[in-house]
Amino acid sequence: MRTALSEPTDPHASSLAETVRARTRARPGREVAGLGAVKDDGRAFDPTGAFRNAIGTSVSVQRAVLLGCKVARHTATTVLIQGDTGTGKELFARGVHYAGPHEGEPFVAINCAAIPENLLESELFGHEKGSFTGADQQKRGLLEFAGRGTVFLDEISELPPGTQSKLLRVLEERRVRRVGGLAEYEVRCRIIAATNRDLSTAVARGDFREDLYYRLNVFRIELPPLRERGNDVEMLAWHFLESLCRERGMSPREFSAGALSALRAYSWPGNVRELKNTIERAIILAEGDVIESDQIIIQQRSVAPALTAGDSIHAAAAIVVPPEGLTLDDAERQLIAATLKLARHNHSLAAKMLGLSRPTILRKIRKYGLGRVPDE
Ligand SMILES: Nc1ncnc2c1ncn2[C@@H]1O[C@H](COP(=O)(O)OP(=O)(O)OP(=O)(O)O)[C@@H](O)[C@H]1O
Ligand SMILES: [Mg+2]
């Protein structure tokens, strides 16, 4: 018997499955190359039950569930989950944990981009009393606290270089020292890392250690964007409509044909999370039991004013290569300055244009003194 994911156990799972099957194009079970028979109840074949909150029967989701089930019992194997924002990386990481033999032990998640470097090391590895100002008592790190459970390292591409080498040592030797400590302790937990960036590009740019990349990339699960999952969009929409209405004690709702076409036509750059939020909004806006197309309100993501062709010429001219050449740092500084100008100093937009995460661009703006940035 497996424990459910962190989300509450769904007592209506079978009736939900029936509804999803009835409402999505009914197809008999079919064969997908290398994966065996595929059910048509809105869920991938999952002998463990740990992925029951993962809706979708597209081949890519089937494959991700299958890989998750297979790697679950190999707890010494590090898993890398790659996918854009909102594609379900944490949901699948929890699935791997709960499908494994140590599902009763902790699952702890930490976002590597959200915590400053010195605190991150203390969070992960722990610290000894007096090892830095404010360390007034010894603290266990998450790698120790998790026992034989799972530590989920989210946004792994943002791990600072010093912490990257320490993590590599943890993965290779399964031992670690607390910050300021001498004694080593054994690391028994499984590590699952997630990223929405292509780590091989980060390696090529020198932002991520190649040896750590290979160590993390032993078993990779890829979660494709929602727009590439075909009929899953509809299944997920019905799933969220059912579950959100039930959670709120509301009577069941339906989508009109127009609402379903609107859902199918959109490209969902924010993936499953964006779809879920859209359905939640539609439920609030709907007057009766039927959700109409004008209640499917797609939020525009970019908050910056539209850029013009004139802007781009101006920015390109901002990068100057003198006859004696230019250091990479100087070029990076100029490129970031020009992009900030183009993005009208919208840090999130500039980060997106440069293919960086927001914390990384903030660090670089600070490094090159290119303006005021919010504190980390
Ligand atoms: N296949 C799925 N079936 C049902 N719900 C899903 C599925 N995938 C994602 N979700 C839901 O969508 C939301 C976003 O998922 P999750 O937090 O796992 O994404 P993520 O990839 O970690 O996002 P981010 O990169 O922004 O951290 C959650 O509420 C999750 O439960
Ligand atoms: Mg996440």
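These are my notes on the surroundings of a ligand and on three helix pairs in a predicted model.

**Entry 1: around ligand 1**

I began with ligand 1 and asked which residues come nearest to it. Out of the 17 residues around it, they are Ile55, Gly88, Lys89, Glu90 and Val272. Next I looked up which elements give two or more residues to this shell, and I found helix H3 (89-99) and helix H11 (271-285). I also sorted the shell by class: eight of its residues are polar, five are nonpolar and four are charged. Then I checked the domains. Domain 1 (13-223) and domain 2 (227-295) each supply at least three residues to the shell around ligand 1.

**Entry 2: H9 and H11**

H11 had turned up beside the ligand, and I wanted to know how it packs with helix H9 (residues 232-247). Their axes lie 9 Å apart, and the angle is about 50°. Angles of 35 to 65 degrees fall outside the parallel and perpendicular classes, so H9 is oblique to H11. The crossing is right-handed.

I then listed who makes the contact. From H9 come Val233, Leu236, Ala237, Phe240, Leu241, Leu244 and Cys245. From H11 come Val272, Leu275, Lys276, Ile279, Glu280 and Ile283. By class I get eleven nonpolar residues, two charged ones and no polar ones. Val272 was a familiar name here, as I had already met it among the residues nearest ligand 1.

**Entry 3: H9 and H10**

I stayed with H9 and turned to helix H10 (residues 257-265). How do the two cross? Their axes come within 9 Å, at roughly 125°. These helices are therefore oblique to each other, and I noted a right-handed crossing once more.

Which residues of H9 meet H10? I found Val233, Glu234 and Ala237. On the H10 side they face Leu260, Leu263 and Arg264. The contact of H9 with H10 holds four nonpolar and two charged residues, with no polar ones. Val233 and Ala237 of H9 are also in my list for the contact with H11.

**Entry 4: H4 and H6**

Last, I looked at helix H4 (residues 117-125) and helix H6 (residues 161-173). Are they parallel or perpendicular? The axes come within 10 Å and cross at roughly 15°. Angles under 35 degrees count as roughly parallel, so H4 is roughly parallel to H6. H4 passes H6 in a right-handed crossing.

On the H4 side, the contact is made by Glu117, Leu120, Glu121 and Phe125. On the H6 side, I wrote down Gly162, Thr163 and Lys166. The classes here are three charged, two polar and two nonpolar residues.

Definitions and conventions. Residues numbered from 1 in each chain as written. Chains lettered and ligands numbered in written order. Predicted model: local features only at pLDDT ≥ 70, side-chain atom pairs only at ≥ 80, totals over all residues. Near = placed C-beta within 6 Å. Helix = DSSP H or I, 4+ residues; strand = E, 2+ residues; numbered from the N terminus. Nonpolar A, V, L, I, M, F, W, Y, C, P; charged D, E, K, R; others polar. Domains from an automatic or database assignment. Axes fitted to C-alpha atoms, helices over the stretch in contact; angles between N-to-C directions. Parallel < 35°, antiparallel > 145°, perpendicular 65-115°, else oblique. Left-handed = near helix turned anticlockwise from the far one by under 90°. Contact = placed C-beta atoms within 7 Å.
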